[in-house]
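Me: I would like to learn how to read the pockets, the ligand site and the backbone of a protein model. Could we take these features one after another, with the general idea ahead of the case at hand?

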Amino acid sequence: MSTDDIASTPTTSRTPAADLAARAHLTVSATVRADVHAMHAYPVPDAHGFIKLDAMENPYQLDDRLRDELAGVLADVALNRYPVPRHEGLIAALRVAQQIPDACAVSLGNGSDELIHLLLQICAKPGAVALAPLPGFVMYGISTQLNQMRFVGVPLGEGFSLDRQAMLDAIAEHQPAVVFLAYPNNPTGNLWDVEDIEAIAQAAPGLVVIDEAYQPFAGATLAELPLRMPQVVVLRTLSKLGLAGIRLGYVFGHPAWIDQLEKVRPPYNINVLTQATALFALQRIEHFNAQAACLRRDRQALMIAVAALPGCTPYPSAANFVLLRVPGGAEGAAAVFQGVKARGVLIKNVSGMHPSLAGCVRLTVGTPEQNDIMVAALAATLQELKS
Ligand SMILES: *Cc1c(COP(=O)(O)O)cnc(C)c1O
């Protein structure tokens, strides 16, 4: 389609606005990548007025005293200045609060989502492959496609464990530039066997990203792995710890990887408000760690409560959510999602994400009160569906 064609598109029967729209769409479809054109934007449901237990957010806000203190800190931030290109002070605070090994270098991202994108970007040679177990975190696949790489998903085994042999076979066949392993995994919530992970990392010919987004709830970490396996980097975020709104992710590993990443990282990707807020929070990390401990305890209570619901099976979780299989397969999950929503609670229907998740919903651990309301809504919905 040339601009001549667009210019000569008949306009007589249209309003000026409709004509402009028609010309915009023509130019867009002639110009934008076909795969992007065919995509849908990442759906984020309107949560207004709902108890929001669908996105693994920490349900607790800062207490009033900390909020007042933070307000004072933010008031002094120089909004008229660009951020520094590298936030060394923030990185130093992360090293202490989040136990990053001294020998590792660190990069910061506007959420770990951005780092997933940038890690792929530095490896995105034509024809390169990224590989991850499925079901897994959806952004691995999306970012792989946006970087014009090929995504290979390897089904998990029994009980959502890693299928070590299938992973090794897929690695041998596809020679992936990047392998993603989430520890614990989203949306299944489980921690994989460390020996399986190490065997897979050992076999990988390129970069291995261990995604520890849920580390605050896991009671386990593979933070030391990059010291023994230089192909491994560890990805983390402050989002699930209670700071999803500020968007701060980080990755650490051998400086050889971080040096490359720093070349493609947008120079001002961490804004001054994020920097100041993150530093403030990391200096008071015990506050957030205490909340994480509460959520771990409440996860156990939630697990027991949903296990008692008729026909429901929760899966073991090392994260701040519980994967729950409800009766009735995909239709059952859709009906449960709707019924719980009608009772004012938003959960996530993950049933359509992968065949092995048919009939599954994902419940974020909220406050004890929110969890009680969610369980009551589940119970009432299941009762209603039975009759
Ligand atoms: C939530 C999540 C992330 C992304 O977190 P950000 O908010 O972008 O830092 C990364 N990986 C997994 C597995 C997640 O569930």
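Reply: Let us begin with the place of the ligand, keeping in mind that this is a predicted model. A molecule counts as sitting in a pocket if more than half of its atoms lie within 2 Å of the grid points of that pocket, and by this reading the ligand here sits in the largest pocket.

Me: Which elements give two or more residues to the shell around the ligand?

Reply: Those elements are α6, which spans 112–123, and α11, which spans 239–243.

Me: How many residues surround the ligand, and which are the closest?

Reply: A residue enters this count if one of its heavy atoms lies within 4 Å of the molecule. Here 13 residues surround the ligand, and the closest of them are Asp211, Tyr214, Thr237, Ser239 and Lys240. Sorted by class, the shell holds four nonpolar, five polar and four charged residues.

Me: Which side chains have an N or O atom that pairs with an oxygen atom of the ligand?

Reply: The idea is to look for pairs of N or O atoms within 3.5 Å, which is the cut-off for a polar contact. In the side chain of tyrosine 214, an N or O atom is 2.6 Å from an oxygen atom of the ligand; for the side chain of asparagine 186 the corresponding distance is 2.9 Å, and for that of lysine 240 it is 3.2 Å.

Me: How much of the ligand's accessible area does the protein cover?

Reply: The ligand on its own has 380 Å² of accessible area, and the protein covers 94% of this.

Me: What is the volume of the largest pocket, and which residues lie closest to its centre?

Reply: The volume of the largest pocket is about 880 Å³. Its lining is made of 36 residues, and those closest to the centre are Tyr42, Ala55, Asp113, Phe137 and Lys240. Two or more lining residues come from each of α6, α7 (138–146), α11 and β12 (348–349), and α7 gives the largest share, with three residues. By class, the lining of the largest pocket comprises 19 nonpolar, eight polar and nine charged residues.

Me: How should I read the second largest pocket, and which residues lie nearest its centre?

Reply: The second largest pocket can be read in the same order, starting from its space of about 470 Å³. Of the 21 residues that line this pocket, Asn58, Tyr60, Gln61, Gly242 and Leu243 lie nearest its centre. At least two lining residues are supplied by each of α4 (64–75), α11 and α14 (285–307), while the largest share, three residues, comes from α11. The lining of the second largest pocket divides into nine nonpolar, nine polar and three charged residues.

Me: How many cavities of 30 Å³ or more does the structure hold?

Reply: A cavity differs from a pocket in that a 1.4 Å probe fits inside but cannot get out. The structure holds one cavity of 30 Å³ or more, and the largest cavity contains about 40 Å³ of space. Among the residues that line the largest cavity are Arg86, His87, Glu262 and Arg265, and by class its lining has four nonpolar, three polar and three charged residues.

Me: Where does the backbone show cis peptide bonds or a positive phi?

Reply: Most peptide bonds are trans, and most residues other than glycine have a negative phi. A cis bond joins leucine 134 and proline 135, with omega about 0°, and proline 135 lies in the loop between β3 (129–134) and α7. The bond from tyrosine 183 to proline 184 is also cis, with omega near 0°, and proline 184 belongs to the loop between β5 (178–182) and α9 (194–203). Methionine 56 has a positive phi, near 55°, and is found in the loop between β1 (51–52) and α4.

Notes: Residues numbered from 1 in each chain as written. Predicted model: local features only at pLDDT ≥ 70, side-chain atom pairs only at ≥ 80, totals over all residues. Heavy atoms only, no water. Polar contact = N/O pair within 3.5 Å; in protein donor to acceptor, adjacent residues only side chain to side chain. Areas by Shrake-Rupley, 256 points an atom, 1.4 Å probe, with all protein chains shown as cover. 1 Å grid on protein atoms, 1.4 Å probe; cavity = no way out; pocket = protein on both sides within 12 Å on 5 of 7 lines; lining within 4 Å. Helix = DSSP H or I, 4+ residues; strand = E, 2+ residues; numbered from the N terminus. Nonpolar A, V, L, I, M, F, W, Y, C, P; charged D, E, K, R; others polar. Points joined across faces, edges and corners; volume = space filled by probe spheres on them.
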